[in-house]
Structures are given as structure tokens and as C-alpha cells.
Amino acid sequence: MPKVKRESFIESERADQFAATLEEATRSTEEGVKYFIEPAKGTLSRGKTRRHHFIFGRRGSGKSSLLNKLRAELTLDRMPVAYIDLETFKGHSYPDVLISIIIKTLDSYSEWFSTAGVYPASKQSFWKKLFGAKPREKSIDSRKVDGLLKRVTQMRAELAHLLTEPEEVSRVRKSKQTKERNANGKGSIELPQLHLEGGVSRSSGTEREISDNYSSKKIETLHRRIIDFKQLFADLSSVSGKQSYLFLDDLYHIRSDHQAEVVDYFHRITKGTNTWLKIGTIKHRTQWYFFGQPPIGMKLGDDADEIDLDVTLEKYDLTKEFLIKVLDQFCREHDSKVADSI
């Protein structure tokens with residue numbers, strides 16, 4: 001092959017590879033964290049803070065990329081992280097959507113503790129592929145992890161069963177009651193079935209069964225489990241010895257009239273547990289708080305802060321610098337001459 005044609009062929013092949021890389025990077029992936037560029041200085045460090053955050057940005061602004069980069073950085077420090085893509089539950093009705101998200105959260109934490117939590121730094125096939133570096137902290141005691149995972153498995157099974165039940169179901173609660181007569185015959189007392197020792201003598205008694213009909217709703221079951229979930233989240237941090245994080249990405253895919261309710265439930269079960277919520281969404285398509293008695297959701301400034309990723313031409317210098325850094329990184333990876341001329 002003539003030299004000119006050969007060089008032309010090589011440049012064409014590089015251009016194809018470069019285009020393929022750019023196309024892959026348009027959607028965030030775990031492997032794509034190496035391309036992450038901060039839209040503004042300090043964005044990454046803010047995301048690691050012990051504070052709930054809403055991460056606002058239009059499609060393609062880097063919300064998922066930021067969350068994936070945070071997941072990688074926190075994992076290298078052995079901090080438990082669960083990442084949930086809420087687009088999976090688009091169109092689901094409430095409260096089934098909430099149950100499904102909790103199940104996925106338990107699955108995500110189980111995976112993290114079963115892999116990143118206990119894998120030694122010597123397992124290079126895992127660390128290098130997904131994170132590009134070795135962990136900065138030692139692994140978690142596997143004995144503690146085993147006990148935690150058993151509880152998670154049990155809770156997941158209960159939630160999976162609840163998910164298959166109808167929204168409201170009629171139940172019958174039965175109990176037995178014994179009517180005892182005093183030995184002197186002057187009266188009677190009604191007692192539940194239990195063993196008594198003392199000075200009351202009994203000469204005869206009758207027993208009857210009491211049936212109590214009531215309705216059970218899924219959301220009421222979830223409310224009754226809040227204490228259990230709070231304890232679990234507290235234990236996630238306790239077992240790891242560090243704070244834990246829960247990433248809920250693309251909240252805007254959940255039906256708008258239930259977004260605040262989903263946020264509210266997770267806010268309640270993580271509050272005071274050293275677990276921090278990072279919620280990615282599009283601002284104008286999200287209802288994150290309703291004022292009422294009681295209020296629902298998380299209020300900006302009080303319960304959570306915001307990280308705004310919408311860099312536009314209104315901030316021309318910042319946007320120009322950001323886009324040039326992104327392009328420069330892609331160019332240098334493919335040994336492109338464009339990188340030196342940017």
C-alpha cells in the first residue's frame with residue numbers, strides 16, 4: 001500500500017474510533033467515569049458532603065455522569081453506595097413504584113457489600129475495570145457483612161410479597177377469650193388466654209373466639225416498616241464504619257403527582273442514619289415538595305441543597321472552558337492532532 005494511502009487509511013480509522021467513543025459517551029455508564037469533567041469547580045467535592053442534594057440539569061447535562069463518578073470515588077473509600085435508575089419504573093403506580101424502588105435499593109446495597117465492600121485490593125480484575133484504581137481503604141469484615149445481607153434478603157422477600165398483593169385487602173384477625181367465674185359466685189372476669197398465678201380461685205369457665213375484620217393497605221404496611229428500614233440504613237453505615245449514600249437518578253420519570261411522596265419516604269427512612277440522598281432530575285419536570293399538614297417531600301434550603309449542572313451560554317466563559325476540556329480529553333485519548341490545536 002502506498003505511503004500516502006496508508007496514512008490516509010490510519011487517519012480514517014482513528015476518526016472512526018474517535019466518533020465511536022464520542023457516541024458511547026453521550027450516555028453515562030460505569031466505565032465512562034474516566035471521561036468525567038467537572039462542569040464547575042467544586043461540584044464533585046460538594047456531591048461527597050454529608051448533605052442531601054438535588055442535582056438539577058437538563059438531559060445530557062451530566063447528572064448521571066456526576067453520580068457515576070461519585071459512586072466510583074466513594075467506593076474507592078469503601079463508602080456504601082446504591083445507585084437506582086428511576087427510568088426503570090416509569091409509569092408505575094403508587095405505592096407499587098415506591099415498593100419497587102425500595103427493593104431495587106436493597107438489591108443495589110447487597111451487590112455493593114458482596115463485591116466492593118469485601119473484595120481485597122488485590123482483585124485487580126474488578127477494581128481496574130470499573131474504577132481504574134485500587135481502593136484507598138481496607139475491606140469490610142465479611143462476618144459483619146454476612147449478617148447484614150441475611151437481614152436484607154429477608155426484608156426484600158417481604159417487600160416482593162407485598163408488591164404482588166392488591167392495593168387493599170380484607171383480613172380477619174382471630175383471638176380467644178376465656179370467661180372465668182370467681183369461686184364465691186359473685187362475679188366474673190374476662191381474660192385472654194394466658195397463664196395466671198395468684199390469689200384468684202376459679203371453679204368454672206367458658207371460652208369464646210373473637211373475630212375482628214379489618215382492611216390492610218400497602219402504604220400502611222410501608223408506614224409500619226419505617227422503623228425497620230431506619231435501623232437497616234443505620235446499620236449499613238455502622239458495618240462499614242463510614243457514611244453511606246443513596247443515588248436516585250432521573251426522578252422526573254416518576255409520575256409527577258407521586259414524586260414528592262417517594263422523596264418524602266426515603267427522607268424519613270434515612271434521616272439520622274448517616275445516609276445521604278443524591279437525587280438527579282430535571283428541575284422544571286419535578287415536584288419535590290408540597291406544603292401541607294404535614295408537608296410532603298424535601299424542601300430546598302432546609303432539608304436539601306441543590307447542585308445545578310445547567311451550564312449555558314449565559315455563562316459563556318465557564319461553558320467554553322468546560323466544553324474544551326471535554327473535547328480535549330477525547331482527542332488526547334485517540335492521539336488526535338486536534339488536541340494540540342484547540
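I began with what packs over helix α6 in this predicted model, and found that the cover of its buried residues includes α4 (96–114), α7 (218–224) and α8 (226–240). The buried residues themselves I listed as Val 145, Leu 148, Leu 149, Val 152, Met 155, Leu 159 and Leu 162. I kept in mind that an α-helix has 3.6 residues a turn, so residues three or four places apart point the same way.

Next I checked the length of α6, residues 142–164: at 1.5 Å a residue its 23 residues should span 33 Å, and because the end C-alpha atoms lie 33 Å apart, I noted agreement. At the N-terminal end of α6 I found Asp 141 acting as a cap, with a side-chain oxygen 3.0 Å from the backbone nitrogen of Arg 143.

I then turned to α4, where I located Ser 100. Its relative accessibility is 10%, and since buried means under 20%, I entered Ser 100 as buried. Setting aside neighbours within four places in sequence, I recorded contacts from Ser 100 to Phe 89, His 92 and Leu 163.

Last I looked up the sheet, which is open and consists of five strands in the order β2-β6-β7-β1-β10, with parallel pairing. I marked β2 (81–85) and β10 (305–308) as the edge strands; each has a single partner strand, so one side of each is left without a neighbour in the sheet. From one strand to the next I noted a twist that averages 15°. For β10 I followed the pairing with β1 (residues 53–56), which is parallel and runs over four bridges; within this pairing, Glu 306 of β10 is the bridge partner of Phe 54.

Technical notes. Residues numbered from 1 in each chain as written. Predicted model: local features only at pLDDT ≥ 70, side-chain atom pairs only at ≥ 80, totals over all residues. Heavy atoms only, no water. Helix = DSSP H or I, 4+ residues; strand = E, 2+ residues; numbered from the N terminus. Expected span 1.5 Å × (residues − 1). Buried < 20%, exposed > 50% of the residue type's maximum accessible area, 1.4 Å probe, protein only. Contact = heavy atoms within 4.5 Å. Polar contact = N/O pair within 3.5 Å; in protein donor to acceptor, adjacent residues only side chain to side chain. Pairing = 2+ DSSP bridges. Axes fitted to C-alpha atoms, helices over the stretch in contact; angles between N-to-C directions.
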